[in-house]
Amino acid sequence: MTMDLKSSGVFSAGLKIASGSVVATDFTSPRIGRLYGPVTVDSGATLGSLLSFNNTAFSLEFYGDLTNNGTITSAPAVADNKRHTFKGSTLINNGIINPSIFNMDSTANVSGTGTFSSTNYLSVGTNGNITLLSNVNFSPGGNFYVLTGGILNPNGNTLNYTAGTLEIQSGGTILNSGLVKTQNAVTFNLRGGSFFNAPVNVPAGSTLRATDFTTPYIGRLYGNVTVDSGGTLGPYFTSSNTAFTLEFYGNLTNNGTLTAYVQNGNKKLNFKGSVMVNNGIVNPAIFSFDSTSTLSGSGSFAVTNDMYVGANGNVTLLSDVNFAVADNFFFLSGATMNPNGFTINFTQGALTLNTGATIAASGLFKTQNAITFNLRAGSAFNAPLKVTSGSTVAATDLTSPYLGKLFGDVTIDAGGTLGSYMTFFNSNFSLDVYGNVTNNGTIIASTSANKVFSFYGSTFVNNGLVSHPYFSFKSVSTLSGTGSFTSNTSIQSGAAVTLNSNHQFWNMTINAGGAFDISNRNVGFTASNPIAQNGTFTTTNSEIIYNGTALQTISTTNIIYSGLKLNNSAGATLSNNITIPDTLAVILGDLNLNGKIITITPDGYMTETPGNTVFGTTGYITTTRDVGTPSALNVAGMGAVLTTTTNLGSTEVRRGHAIQTGLNGGTSIRRYYDITPTVNTGLNATLVYKFDDSELNGKPEPLLKLFKSTNSGSTWQFMGGIVNIASNDITITGLTSFSRWSADSSKVPAAIGLIQEGFYNIATNNLNMTDTVRAYLRNATTPYAVVDSAVGLLDSLTFKSGLQFSNAATGSYYIQLKHRNSLETWSKNPVNYIQDSTLNYDFTFAATQAYGNNMVQKGTKYCLYSGDVTQNGFIDLTDVIEINNNATNFVTGYVATDANGNSIVDLTDVLIAYNNSINFVTRKTPLNP
């Protein structure tokens, strides 16, 4: 049926539509029908302003209560202009309300289990003040408007919003009561000046886009917001260059996803509430905190561009929190984050603390992966920092003055790296640490020489590597750990560092006003002339170890050594006189006196190892002490062993290494002793004169004899003595007095010069070690029978070996040389040997000195080929394999497979033999030319 409700009439009676379809409107202008009484639409019945196609804007207004158990609708039209307006006080909808437009424009209660699904839009009008009395379902085909002045009060109930756009216009309000729950893909258009105060729930499967779609494009949610697992909320999800923003002023619980479409990095989520719980994913382009709030949850912040803690942000953690920012995490001036005993896990991006920003000293800030800290001047990174294994942290201020500061304790795990800058850049990037540091990883920066790491804390534990270009101690502190420093290390004025464990350094500069206490510790240095001392250097009971790999200079200025050790195969050189009150130990390499004097105090002692000695053509070692009645006393370990029953009293023992001349017409080995006791007559003493093979000066060791000089070497007296080759010493007894002593050999049958290819060090022009060689004298004619043989030590400095031939008569002989891993080599031609005269022959200056020119040139010297481990006359794969097997098993010591004489079998030895094997190197002799 049809009801034509003219504007001149008043339909105040109650209306009940029991069945069928009723059209109620005014069919004439202004085409607005009004029902003033209560209206009930029963189940199965339909009421509308017009139910057939017509473009005319027919409307129907309800002024009484409305109970709908059926359908309130209107015919679809191109203009979607069929409007139903409710102006009553009670609306109960248990059916469907789906006209083109449905407007609620009065103070009214709304309830029911039905659905509001207008095909165009729903609205709460400017006079609307709608209070829900039950859960209500809204699913408009277009928009749901809360117009200016309109109020929607969930009243403790749930507003289920399942389709379309909910637009809250300026001055429109949804009260903070009950819940607004979204389903499916819906949109909130939160216009400037609107008030969406109700709590919002975005359940699983729901995607909510919430913002203001007009300038300034900032939507605001003032109630609490919950995003369930599987739910999604953000300011915009499709491509748009507009800078859409969504702000949260209530509490926020995210178990799903907070996101936005990334376009120019301008989609923002701003949290301004008091409680945020994130158990899901937060990954919009930009996310910011800008209120006093707490933060917790097991989820992650994986922001695709930048994060912020704003100027009003004061964020306190209530659990561990994970941040992974694609670009920057900015803390603006005034911003604060308090870990509150929990852990901030920062796994990606750059952290920028602006001036006045703070990370509070509580809990832990933990990094993973490659991270940058931009610590602006005036910022306060107070939290403890932990750099985990695999994490690389570059921390500094990336703007002038390029100085970053960390105020909390710092721990670097094994495999972790911290420094002022990790890539090459010429700016003077620096990092100051004011807390304690425990380094189990690496402190490093790019190789630019202007990167500085300064320590202001009280405890530095280094179990890793400190190789920052510059490292500076600037406080009163302790240093311990098992690690090492390869930095240029300094102690600044006002700083005082106490070393609590043995440690290794590249170098150390102690500035005026600075102090370094290494008492009772062993401290290694690898730089050349590594110690610059202008402050206070306390060395009581310590040992300073020179253990570099290149030649070092012993630092002496303002340094009092307690113990000094050399453990460097390249050796070291004295730069000035030094005094040793404890121990001087030469473990590896030689110490060159360089014309200087080493004084060993009465309690001091020196030790050397074979082939590793103190030497020098000028300078000497001296000690003066009361030796009493010595019994086999090696005075200060210098090698002069004294025995006598006479009390010698105060005695000076001086050891020098200049070659002495005039010893029975000959020259001495490279060692002499001056022994000057207070009592020096009628002694009946024994002297054991110790020496090193490196000092033989080409003299045959078995023939050494002692000589004595009472006038400092001007003239000499032959004294004799018994040589012990095994212990490298000469013993003489029955001495009535001491003076200067040295050793020489006379009537040496042969002095032969030779070099082994692998042993020769071109840079030092020395052999890597002194070693045994064997020489044979063989007849000049076939079958070239062996006439005599001798074994000698090849001097590493002169390349000469003294050899004692006891059986050969005067004649012409080939010289045949053999060495444990060198190729057998013969002299070019037979050489003349005269008994009781010295045979001199040098293989080193020309290839033509060897039979078949069978030597290799190395630098300016000619050498025996190295690598014939099997001594079969061929350098081939068999030798290479034997060396390689020993190298694989890390064999060390005096072995034939050590082709370069450094007592370590490794790839270097393999390469020597390999290179000769591929060149088919074999022996050449008169027997097999």
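This passage describes the overall form, the sheets and the C-terminal segment of a predicted model.

The protein chain holds two helices and 106 strands. Its radius of gyration is 48 Å, well over the 30 Å that the globule rule gives for 929 residues, so the chain is more spread out than a compact globule. Along the principal axes, the C-alpha atoms fill a box of roughly 155 × 65 × 40 Å. Of the 929 residues, 54% are buried. The accessible surface of the chain is about 34200 Å². Carbon and sulfur atoms contribute 49% of that surface. Among contacts with a separation of 6 or more, 44% link residues 24 or more positions apart.

Parallel pairing appears in an open sheet of nine strands. The strand order is 2-5-8-11-14-17-20-23-26. Strand 2 (15-17) and strand 26 (195-196) stand at the edges. Each has a single partner strand, so one side of each lacks a neighbour in the sheet. At one of these edges, strand 2 pairs with strand 5 (residues 39-41) in the parallel sense. Three bridges make up this pairing. In one of them, L15 has V39 of strand 5 as its bridge partner.

Parallel pairing also links strands 72, 74 and 77. Strand 72 (residues 543-546) is joined to strand 74 (residues 563-567) by four bridges. Here the bridge partner of Y546 is L566, in strand 74. Strand 74 is in turn joined to strand 77 (residues 583-588), again in parallel and by four bridges. On this side, N567 stands opposite L588 of strand 77. Strand 74 therefore has a paired strand in both strand 72 and strand 77, since two strands count as paired if at least two bridges are found between them.

Antiparallel pairing is found in an open sheet of five strands. Its order is 83-84-89-93-92. The edges are strand 83 (633-634) and strand 92 (722-724). Each of these has a single partner strand, so one of its sides is left without a neighbour in the sheet. For strand 92, the pairing with strand 93 (residues 729-735) is antiparallel and runs over three bridges. V723 has I730, in strand 93, as its bridge partner.

Helix 2 spans residues 907-918 and includes L911. L911 contributes to a nonpolar surface patch of about 390 Å², together with L907, Y914 and I918. The relative accessible area of L911 is 41%. L911 is therefore classed as partly exposed, because this class lies between the 20% limit for buried and the 50% limit for exposed. The value also passes the patch criterion, because patch residues need over 30% relative accessible area.

The segment after helix 2 contains P929. P929 has a relative accessible area of 72% and is exposed. Between P929 and A913, the C-alpha to C-alpha distance is 22 Å, at a sequence separation of 16 residues. With neighbours within four places in sequence left aside, P929 is in contact with Y851 and K924.

Methods: Residues numbered from 1 in each chain as written. Predicted model: local features only at pLDDT ≥ 70, side-chain atom pairs only at ≥ 80, totals over all residues. Heavy atoms only, no water. Patch = residues over 30% accessible without salt bridge, like charges linked within 9 Å, V, L, I, M, F, W, Y side chains within 5 Å. Areas by Shrake-Rupley, 256 points an atom, 1.4 Å probe, with all protein chains shown as cover. Salt bridge = Lys/Arg side-chain N within 4 Å of Asp/Glu carboxyl O. Buried < 20%, exposed > 50% of the residue type's maximum accessible area, 1.4 Å probe, protein only. Rg over C-alpha atoms; globule rule 2.2 N^0.38 Å. Contact = heavy atoms within 4.5 Å.
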